[in-house]
Amino acid sequence: MTQAITLADPKLARRERLFQRINKAAGWLNVLGLGWVTPILRMAAGDNVAEQMSEIRKVLLVPLAGILCFLALWGFLAPKVQTSLGAIPGPAAVFGQANVLLKDHFAERSKATAFYARQDERNAKLVADGRADQVKHRVFTGKPTYIDQITTSLMTVGLGFVIATIVAVPLGIASGLSKTINGAINPLIQIFKPVSPLAWLPIVTMVVSALYVDPSSLMPKSLVISAVTVTLCSLWPTLINTALGVASIDKDLVNVGKVLQLSTATTIRKLVLPSALPLIFTGLRLSLGVGWMVLIAAEMLAQNPGLGKFVWDEFQNGSSDSLARIMVAVLTIGIIGFILDRVMYALQSAFTFSTNR
């Protein structure tokens, strides 16, 4: 009956196809934290307005109301708290400093563009005058901007997270498959997992300084030190969750692999990983969150370039704008942490979807 109505009414058929597309997109919108877009799309497609408005109120208006209440409370209470640098800045002052930092970044990039343009012009003139041997290429040495500090921190946490994943996932798989390996590794996990990054940092600094004697411009020593510190503190959630995921898979799957005489690599790739993938990604998400927090502390203590150093420099600066700039950094750290978690959740959804197909 439905087929007959659909075939008889092209508009209804188009509407059905449109809702199917919206339903498919809804899962990814939820993953990306944009679940509130789905009821708007459904309402635009002609769905029940009252029902979709109720959904919008739940997923969009209520969170927005919470944020607005927080901003109002912040704006009301902030001027009442006096510090050695003046009153705590409110939302307007923080937003103003964020705008200043952004303008400073573009101004610095303009200086860099002008510097390279002058250098190219000078070199071209030297070549035209037959003095090509005097051509020089220098790098612009302006101060790192706020955006540069963010980029440095993201590169550092990315490097540390990749190293931690490369170490933790194979060890977790081996630990989950073998009780002997698990018994050997478990005491080390329990000992080193609670160690603070502030305790690791002096050791890492000395070891990297001793071994990494010829640093490259793309991989400065400060970046390696921070990245290794991130690795040592963030690999444990991935290691533990991977081992747990592998150990909890259906034993019948492992027995099937033995009956079919699959190699260890094939068994892991075809049977173990697809079953353990949700827990592995849970560990990866936890590790990335831990790594991001650890990085800021490591940059502050070691004075390595990044957001942590920016916060410490502003604290030491002690100007009237320092508190507002520190709060800009705090909000930036939180927002980036949220985005990194959403990215990992999106990857988890993509991989688990592809393995379940």
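A salt bridge is a side-chain nitrogen of Lys or Arg within 4 Å of a carboxyl oxygen of Asp or Glu. Keep that in mind for the first exercises; the model you're looking at is predicted.

**Exercise 1. Work out which parts of the chain the R325–E314 pair links, and whether the two residues are buried or exposed.**

Solution. Start with the distance: the side chains of R325 and E314 come to 3.8 Å, N to O, and that makes a salt bridge. Next, place the partners. R325 sits in helix α13, while E314 belongs to helix α12 (residues 307-317), and the two are 11 residues apart, so the pair links distant parts of the chain. Last, check the surroundings: R325 is buried, and E314 is too.

**Exercise 2. Find the salt bridge partner of R285 and say how exposed each of the two is.**

Solution. Look for the closest N and O atoms: R285 and D341 have theirs 3.0 Å apart, and they form a salt bridge. Now see where they are. R285 lies in helix α11 and D341 in helix α13 (residues 322-356), so this pair ties together parts that are 56 residues apart in sequence. For exposure, the partly exposed class begins at 20% relative accessible area. R285 has 24%, so it is partly exposed, and D341, with 25%, is partly exposed as well. One more step: R342 joins R285 and D341 in a network of salt bridges. Across the whole model, the count comes to 7 salt bridges.

**Exercise 3. Explain how K111 and E108 are placed along their helix, then sort them by exposure.**

Solution. First the contact: K111 forms a salt bridge with E108, and their closest N and O atoms are 4.0 Å apart. Then count along helix α5 (residues 91-128): the two are 3 residues apart, so about one helical turn separates them. Here's the general idea behind that step: an α-helix has 3.6 residues a turn, so residues three or four places apart point the same way. Finally, the exposure: K111 is partly exposed at 49% relative accessible area, whereas E108 is buried at 6%.

**Exercise 4. Check the length of helix α8 and describe what its buried residues pack against.**

Solution. Helix α8 runs over residues 197-211, which is 15 residues. At 1.5 Å a residue, α8 should span 21 Å, and its end C-alpha atoms are 20 Å apart, so the two values agree. Now go to the start of α8, where a side-chain oxygen of S196 reaches to within 3.1 Å of the backbone nitrogen of L198. The buried residues of α8 are P197, W200, L201, V204 and V208. They pack against α7 (179-192), α9 (221-247) and α11 (264-302).

**Exercise 5. Take two transmembrane regions from the UniProt record and see what the model makes of those spans.**

Solution. The unreviewed UniProt entry places transmembrane regions at several spans, including residues 56-77 and 322-340. In the model, residues 56-77 are 100% helix and 0% strand, with end C-alpha atoms 30 Å apart. Residues 322-340 are also 100% helix and 0% strand, and their end C-alpha atoms lie 27 Å apart. That entry also annotates residues 150-344 as "domain: ABC transmembrane type-1". Over residues 150-344 the chain is 85% helix and 0% strand, and the end C-alpha atoms lie 19 Å apart.

**Exercise 6. How many disulfides does the whole structure hold?**

Solution. A search of the whole structure finds 0 disulfides. You can still look at individual cysteines: C69 is exposed, with 54% relative accessible area, but C233, at 9%, counts as buried.

How values were computed
Residues numbered from 1 in each chain as written. Predicted model: local features only at pLDDT ≥ 70, side-chain atom pairs only at ≥ 80, totals over all residues. Heavy atoms only, no water. Helix = DSSP H or I, 4+ residues; strand = E, 2+ residues; numbered from the N terminus. Expected span 1.5 Å × (residues − 1). Buried < 20%, exposed > 50% of the residue type's maximum accessible area, 1.4 Å probe, protein only. Contact = heavy atoms within 4.5 Å. Polar contact = N/O pair within 3.5 Å; in protein donor to acceptor, adjacent residues only side chain to side chain. UniProt positions renumbered as here; feature names shortened; annotations may be inferred. Disulfide = S-S within 2.5 Å.
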